[in-house]
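Q: Please take a close look at the parts of this structure where the confidence is low, and then set them against the rest of it. A plain account will do.

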Amino acid sequence: MANAATLPAPAPGRASFARRLLANRSFTIGAALVGLVVVLALLASVIAPFDPLKGNFRARMLAPSWQHWMGTDHFGRDILSRVLHGARISLQIGLMVSLITAAAGVVIGATAGYFRRSDGPIMRLMDAFMAFPSIILAIAISSVLGASVLNVIIALSIAAIPHTARIVRASVMVVREMEYVEAARALGAGHARILLRHILANAMAPLVVRMTYVFAVAILNEAVLSFIGVGPPPPAPTFGAIIANGRDFIVAAPWITLAPGFAILVSVLGLNLLGDGLRDVLDPRMAVNTR
Amino acid sequence: MGRFIVQRLLASIPVLLLVSLITFALLSLVPGDPASAFLDASATAEALERVRRELGLDRPFLVRMGDWYLRVLQGDLGTSLLLNRSVTSAILERLPVTLSLTAMAFLVSVLLGMAAGVLAAVRHGKAADQGLMTLALLGLSIPEFWLGLVLIWLVAVMVPIFPAGDYVAFATNPWQWARHLALPTFTLACVQMGFVARMTRSSMLEVLGQDFVRTARAKGLPEPYVVVRHGLANAMVPIVTVMGIMVGALLGGAVVTEQVFSIPGLGRLIIGAVLSRDFPVIQGGLLFLALIYLVVNLVVDLLYAVVDPRVRLG
Amino acid sequence: MTTTRPESPLLQVQQLSTALGSRGPDILSDIELSLGHGEVLGVVGESGSGKSVLALSIMGLLPSPIRVRQGAITLQGKDLLNLPATELRALRGRDMAMIFQEPMTSLNPVMRVGQQIGEVLRWHRALQGAAAREESIALLRRVEMPDPQRQIDAYPHELSGGMRQRVMIAIALAGKPQLLIADEPTTALDVTIQAQILGLMRKIQRDDKMSVLLITHDLGVIAEMCDRVAVMYAGRVVEQGAVLDIFDRPAHPYTRGLLASRPRIAAGAQWLSTIEGTVPGIGQTGAGCSFAPRCGLAGPACHQRPPLREVGPAHLAACVSPFAPSPDAAVPTAWVPSSP
């Protein structure tokens, strides 16, 4: 299987690192896009011109205009407001999934990579979870647990953890064999200390890059879950739900479908660019396997 | 080679067992009573009892688990609550549809993706390279189901070139089969194409800088031949290793694409089951997909040995 | 071994300069070389002297930012630098062939060795199928590969370094070249294998009367293999002549330094003589003699780049005050400037 982690690049000086990051075009464009989406989402309640949940029967299926920048849907709800709130939900879910996946992935992966005897059973379990296409696993878990934001987060995290654990494990295994770890052990450092200070510090780079992709995938998958109907329950204005609504009216009112789709595209594109930029700066050798 | 296959099969047994366990355990995750999740609030007590018995919930956990393993080994995945037929037969009926969609999408994404990657690598730094890679990035950032809807809107409804959905079996009418599969295949392949293109490009760039490519050029061989026979032949090796993951992602995407294009495949069956809480079908479908994925990975490992002679045993 | 200058040289390099990019610093500067038919010319110098770039320039294989800035390279009267690409490609692998330093990485890992030889046969000699296979086996036999019938189907990773280098030589010979360029062919090999490969090359060169441009940093290889030798320093040829002349009466201070720095077993325990300083990097050579910063004899005249001048019969050196060879002077054992 492809291995995304390689020898860790020598830790760059702080100042030059920031400079190189900002000089990387991929990173800056990605950061700008993501920043834009984050700001808009955070201010959703403030800047949304209308209540995303309230319909207005006299304003049904209106094309984009000065009053409604993205038009209205079949209930007369303002699409722009719905998209802004949908962005907030997506980002919340994406962030939570990334954090949980990172935490669990590190714990599982580091354990498997460092303690050889646990490696076999842990990796078998990870392999078993990875045998299911991740979106299907997420759909199944989400449907079984019931529709709610929390369950979506759990489902998406479970789907993302195995691959992340594997990446962390690979980093840990590489660094474990390096000589300075042997030196630390010879000086009497205990397992925990070695793990934390030396090994994990170097596994950080591929992990951080991976997290941007996990975030992006979480947004995409959450949209799928909502589209199918196992995401956060209505009337939550998630991207997927808006698109699902718009599906029936695509000829009469294509803007209902187009607007949230573009919003997803911009967010995911931004995250991918951000991840690419980070990867280029942190360790170009990781460039073979992405996501 | 035979020994290699046997070794791999043996190594996949623990994973298979765990996969079955996970699928089985899904039912236990249901908060509350699965029977009432399936039927709604107005169900009678006896209807609930009936469903509970069908799901085997009246028996202790370990007995159920043993029973599950035994039945799975025999190919019996239970009975659909909704359709009242064998899950296995329902799945097998729809499988060819999903497989043809997935296989076509796989071919398209590999062929087009590799071609794009090779072209970008050969024209490194120039407009073609940047253009192709931007397209690839867009491709893998786009939500598949949304792309499907947009395509339907544009080229099936507004400008009716392709049919908007449904499926025609190959045996019935090959041309219509192709026509009906065209849009779904492209939608499904779009994301993977982006991946393959990017991977191929970076792999090619690395390979083209290697010494043996210089040797090939020193022999006076024509450049296109060198790029393919010496360049791509080696660049493909890391890509083959991720083909298994690709198929897994395609299978996942196929499920959603079938929903968008109303294609009667395994994906629609599973999603229908998900929405109606038809647990046996959810479990069976999941197990089947995992099995397909494991078989595909075995084939990929064999393919890897074919493509890279350094890996072959003995 | 001939010591006279060849009449109509097979290969002639005139005023060749290559640079890094269109406005970058020079890597090679005004190189003048000639190689006669059936002659072995050695090019010796440290790493960074530009020897490999010279070889790649002749073959037309310079990697992208490096390009020829000026000069002419003529092979059998054909102007290589101005040939259309297809004609140059027809020459490559057929009339001129090259073997490289790293046998471990110079062969395609996913292609059988026989097929890699067969490519040359197919492309340059129109041999296919069974005929190509037979010829491949014959070539392997010629390069003294053990069990050629079996090894022809081997993959490179199944062969040792020495065997791979033999395959490289077989590939080079397949097109029946008149010019063979060997870039450090034995540097990456074990010492015993080195001797075998060199012996093999010498034998083939004599049998085929092939012209060889042998690039190396090892003076011992030069002594064993070459008729004439050119000494390179920082992208310039600083001395050129017959091997015996160069070794007995080195004229350029750099050559003297190189020869003096060889460790000798017979001399017993002694401080190793070295040349102080380091080789200048690309773009770091000034307007004058490139060796002046390290030369104990540098004077005001050395601020101008010294041209290659005759200092003996068929013996050139680029120095304003080369060592005048006195008949009874011993081979220098230490870098001590003798009175000019």
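A: In this predicted model, residues 327–340 of chain C have a pLDDT that stays under 50, and the model has 19 contacts beyond four places in sequence for them. A second stretch of chain C, residues 1–6, likewise has pLDDT under 50 throughout, here with 12 contacts beyond four places in sequence. Chain C as a whole averages a pLDDT of 84, and 91% of its residues score at least 70. For the model, the scores are ipTM 0.87 and pTM 0.84.

Chain C also meets chain B. Chain B contributes 18 residues to this contact and chain C contributes 24 residues. On the chain B side, helix H9 (211–218) and helix H10 (223–241) each supply at least two residues. The largest share of that side comes from H9(B), with 7 residues. By character, the chain B residues that touch chain C divide into 7 nonpolar, 5 polar and 6 charged.

Elsewhere in chain B, Val30(B) can be followed residue by residue. Val30(B) sits in the loop between helix H1 (2–29) and helix H2 (34–38) of chain B. Val30(B) counts as partly exposed because 19 other C-beta atoms lie within 10 Å, and a residue is called buried if that number is 20 or more. Leaving out residues up to four places away in sequence, Val30(B) touches Ala37(B) and, in chain A, Val144(A). Val30(B) and Phe279(B) are 249 residues apart in sequence, yet their C-alpha atoms are 9.9 Å apart in space.

Chain A offers a helix pair to look at. Two packed helices are described by the angle between their axes and the distance between the axes. Helix H2 (residues 25–42) and helix H4 (residues 79–114) of chain A pack at an angle of about 110 degrees, and their axes are 8 Å apart. H2(A) is therefore roughly perpendicular to H4(A), a description used for angles of 65 to 115 degrees. From H2(A), the contact is made by Val37(A), Val38(A), Leu40(A) and Ala41(A), while H4(A) brings Leu84(A), Ala87(A), Arg88(A) and Leu91(A). These contact residues divide into 7 nonpolar, no polar and 1 charged.

To return to the starting point, the two stretches of chain C are residues 1–6 and residues 327–340, and in each of them pLDDT stays under 50.

Terms used
Residues are numbered from 1 along each chain as its sequence is written. Chains are lettered from A and ligands numbered from 1 in the order in which they are written. This is a predicted model: local features need pLDDT of at least 70, side-chain atom pairs count only at pLDDT 80 or more; totals for chains, interfaces and linings use all residues. Two residues are in contact if their C-beta atoms, placed from the backbone, lie within 7 Å. Helices (H or I, at least four residues) and strands (E, at least two) are DSSP runs, numbered from the N terminus. Ala, Val, Leu, Ile, Met, Phe, Trp, Tyr, Cys and Pro count as nonpolar, Asp, Glu, Lys and Arg as charged, and the others, Gly among them, as polar. A residue is buried if 20 or more other C-beta atoms lie within 10 Å of its own, exposed if 12 or fewer, and partly exposed in between; C-beta atoms are placed from the backbone. pLDDT is the predictor's confidence in each residue, from 0 to 100. Axes are lines fitted to C-alpha atoms, for helices over the stretch in contact, and angles run from 0 to 180 degrees between N-to-C directions. Angles under 35 degrees count as roughly parallel, over 145 as roughly antiparallel, 65 to 115 as roughly perpendicular and the rest as oblique.
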